There are 2 protein chains.
Amino acid sequence: MADSYHHGNLRQALIDAGIKLINENGEENLSLRKVAAACKVSHAAPYAHFKDKEELIDAIKNNVTERFMDELEAAIEGRATADEAIIAMGKAYVTFFHRNPDYYVFLFGKQNITAHLKMNKEYKNDYPPFLLLRRMYLKHLKENGLDKSYEEQEIDMVKIWSIVHGMASIACMKGIRSSIDWNDLDERILV
Amino acid sequence: MADSYHHGNLRQALIDAGIKLINENGEENLSLRKVAAACKVSHAAPYAHFKDKEELIDAIKNNVTERFMDELEAAIEGRATADEAIIAMGKAYVTFFHRNPDYYVFLFGKQNITAHLKMNKEYKNDYPPFLLLRRMYLKHLKENGLDKSYEEQEIDMVKIWSIVHGMASIACMKGIRSSIDWNDLDERILV
DNA sequence: GCGGCTATCTTTACATTGTCAAGTTTACAC
DNA sequence: GTGTAAACTTGACAATGTAAAGATAGCCGC
């Protein structure tokens with residue numbers, strides 16, 4: 001069914017083509033019609049799979065977020081201690097965006113994080129990287145026999161997240177990007 | 001010259017109308033034609049003052065950045081010690097964006113920082129907030145009789161900036177925004 | 001005062017884009 | 001086989017960015 005009337009798997013093809021086009025031309029130059037053309041379907045075909053342009057972009061965003069999480073999880077894989085895992089995760093966090101600054105803008109540029117998390121109240125607890133951090137942080141407390149209040153825990157985690165996320169953000173800025181050895185830096189910064 | 005053929009001060013009027021429209025409808029819904037209409041001029045009039053849409057947006061960005069800097073400078077005004085000033089500046093940094101999340105996306109969403117800083121190599125040293133931080137940090141070293149290598153200084157400053165900037169970024173995310181008392185938090189996080 | 005120069009603004013035009021509506025084709029259940 | 005729904009095409013429309021050409025007005029040298 002490769003060249004039949006029905007495409008076969010247009011939905012995924014649109015997402016893939018979208019990622020490719022965004023990597024080449026940036027999100028602001030992405031048009032539904034170009035994505036459709038890249039898949040050799042008519043300009044209105046995407047509307048069978050996505051409500052509007054935003055829904056396609058959200059789908060792409062989810063796809064990228066999954067790849068991001070894959071790298072974070074790969075980074076903590078096999079680390080002996082929670083401390084090591086947290087350091088590794090922080091490095092992977094910064095490295096992921098430093099290696100591809102476009103993804104930072106794409107994921108956080110409009111502050112959507114991910115489409116399926118779109119709501120107007122507390123969702124930090126559902127943000128995948130934060131869940132991973134919490135898991136490692138609790139492991140860290142246990143390993144070191146520490147006992148902290150919920151509030152103290154929150155502060156610690158936000159602190160770690162802030163450093164890492166802030167570094168990632170700064171590391172992506174044009175001009176600053178190449179002026180600092182991030183891979184070296186985060187090792188010393190993450191206490 | 002209020003209703004003459006020439007507007008009088010169209011350039012500034014376009015910037016002001018642009019800020020207003022962005023605050024109301026977001027950057028993604030800003031169109032040159034709407035801005036022109038808000039100033040009661042023809043849709044092509046802006047081209048006499050700005051090369052293209054991006055140049056108008058950059059001008060608006062500079063305007064907002066100036067207001068941002070004003071608040072940072074006001075925050076350190078009259079602080080006794082550098083440490084106090086840095087804390088105050090950090091709070092002002094986070095507060096500015098927490099109070100108006102749209103500005104964070106607007107200023108950093110496309111990672112441009114400001115138009116006049118647009119170049120492809122090191123410009124951290126020209127980023128106004130960073131200059132202010134450096135000034136305060138050097139004051140801090142002197143006040144406490146500390147002597148650090150240039151590299152150690154860089155790490156310290158990036159660390160401070162990362163925490164503050166990361167907190168600002170996170171504080172702006174929908175859903176997380178209201179779930180944390182940022183004003184209380186940054187006081188305890190900034191060592 | 002006057003001619004001209006230039007910046008400012010208008011009008012017109014065009015290509016790109018998001019989206020809708022109506023029709024066409026295909027797969028699939030019954 | 002027939003109907004039904006999903007997947008796709010075609011055609012249309014309004015909004016938008018931008019270029020080109022013309023109109024207007026302030027200003028400068030004389």
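**Close-up 1. Helix α2 of chain B beside DNA strand D.** Helix α2 (residues 32-38) of chain B gives the most to the surface near DNA strand D, putting in three residues. Here "near" means that a heavy atom of the residue lies within 4 Å of the strand, and helices are DSSP runs (H or I, at least four residues; strands are E, at least two), numbered from the N terminus. This is a predicted model, where local features need pLDDT of at least 70 and side-chain atom pairs count only at pLDDT 80 or more, while totals for chains, interfaces and linings use all residues. Residues are numbered from 1 along each chain as its sequence is written, chains are lettered from A and ligands numbered from 1 in the order in which they are written, and side-chain values use heavy atoms, with hydrogens and water left out.

**Close-up 2. The residues around DNA strand D.** There are 25 residues around this strand, and A:His7, A:Ser42, A:His43, A:His49 and B:Arg33 come nearest. Sugar and phosphate make up 58% of the atoms of DNA strand D that come within 4 Å of the protein. Sort the surface by class and you get 11 nonpolar, nine polar and five charged residues. For this sorting, Ala, Val, Leu, Ile, Met, Phe, Trp, Tyr, Cys and Pro count as nonpolar, Asp, Glu, Lys and Arg as charged, and the others, Gly among them, as polar.

**Close-up 3. Phosphate contacts on DNA strand D.** A polar backbone atom of A:Ser42 sits 2.5 Å from a phosphate oxygen of the strand. Over on chain B, a polar backbone atom of B:Lys53 is 3.0 Å from a phosphate oxygen, and a polar side-chain atom of B:Tyr47 is 3.1 Å from one.

**Close-up 4. DNA strand C and its neighbours.** Now for the other strand: of the 24 residues around DNA strand C, A:Leu32, A:Arg33, B:His7, B:Ser42 and B:His49 come nearest. Helix α2 (residues 32-38) of chain A gives the most to this surface, with three residues. The side chain of A:Arg33 has an N or O atom 2.6 Å from a base nitrogen. Phosphate oxygens of DNA strand C lie 3.2 Å from an N or O atom in the side chain of A:Lys34 and 3.1 Å from one in the side chain of A:Tyr47.

**Close-up 5. What A:Phe97 touches.** Leaving out residues up to four places away in sequence, A:Phe97 touches A:Phe68, A:Tyr103, A:Tyr104, A:Leu107, A:Phe108, A:Ala168 and A:Cys172. Touching, or contact, means heavy atoms within 4.5 Å.

Note on methods. A polar contact is a pair of N or O atoms within 3.5 Å; within protein, one must be able to donate a hydrogen and the other to accept it, and residues adjacent in sequence count only if both atoms are side-chain atoms.
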